[in-house]
Structure formats: structure tokens, C-alpha cells
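Subject: Structure handover

Hi,

Here is the structure I promised to pass on. My notes follow below it.

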Amino acid sequence: GTLFGGAPIYGSPARADATLAHHLVHLREGQYPGEFGTGWNNAGFWAGSAGSHAVFGQVREAAAMIAAGHQTLENEIQTSHTPQWNLRAFIRWSDKDSFGALPIHDPDTFAGRVAWLLRPRMLS
């Protein structure tokens, strides 16, 4: 717990939002080293802690629309992000830039657009 908020409430929507936000911060660090390896390493830890989130189904649908017409991305979404968005699979792409769709912080790339989708949907 903290001096300000008390003990955490496990399973609460606020905890899920905070974990996803923490994941996104480390995802944006990308290849740069942080406290426990690269940003991608740390994002992977938080992806595992995030579990499922209410917005992942919506993010998957929006990502599929963004990827429309790009066969490689469409195939990846079909195989790795069904029925909902998979944070760990997204990190694997980000780490390898295997689709020429990065960097994550660039809103004109696929990964940048999807990362942007996660943020406002999480807060709504």
C-alpha cells in the first residue's frame, strides 16, 4: 500500500488500467535500457501482469482496420491477436521491427497507431 491510497485492490478496473499504463510506458522505451533490461523486456513483464483488459477486443478490431490491405500485418493479427489484442505478441513485433511498421512512438507507423489506440481507450 501507499501512504496516500492504502492497500491495492486486486482485480479492480483501476488496477488493470494502471498495469496497462505501466506496460505502455515501458513499451515506448523500446530498445533503450532501463531498470530491468530494455523497455521491451520490462513491457513483457507488465504484459504478463496485465492479463486481459476490457479494451483489448476493441483494440484488436481497430488494429485490423488499420492493417487492412497489408497482408503480413493482417496475417499476424489473425494468428496472434484472436479473439482479442495480445500484448506479448505486440512486443515481439516491436522488438524485431519485423514488419517495417515501427518505431512505436511514431504515430504514422502501424505500431505507433496501435499504441495510441490503447491509451485513450484505456482511459475511457
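How much area does the protein expose, and what share of it do carbon and sulfur atoms supply? The protein exposes about 7,300 Å², and carbon and sulfur atoms supply 57% of that area. Accessible areas come from the Shrake-Rupley method with a 1.4 Å probe; for residues, only the protein chains shown count as cover.

Before the rest, the ground rules. This is a predicted model, where local features need pLDDT of at least 70, side-chain atom pairs count only at pLDDT 80 or more, and totals for chains, interfaces and linings use all residues. Residues are numbered from 1 along each chain as its sequence is written, and side-chain values use heavy atoms, with hydrogens and water left out.

Overall fold. The protein has 6 helices and 2 strands (DSSP runs: H or I of at least four residues, E of at least two, numbered from the N terminus). Their order along the sequence is α-β-β-α-α-α-α-α. Of the 124 residues, 39% count as buried (under 20% relative accessible area, 1.4 Å probe, protein chains only).

Contacts (heavy atoms within 4.5 Å). Among those with a separation of 6 or more, 51% come from residues 24 or more positions apart.

Helix α2. It covers residues 39–50. Its 12 residues should span 16 Å, because the expected span is 1.5 Å times one less than the number of residues. The end C-alpha atoms are 16 Å apart, which agrees. G39, W40, N42, A43, G44, A47 and A50 are buried in α2. G51 follows α2, with a positive phi near 60 degrees.

Best wishes

Conventions:
Buried means under 20% relative accessible area, exposed over 50%, partly exposed in between (1.4 Å probe, protein chains only).
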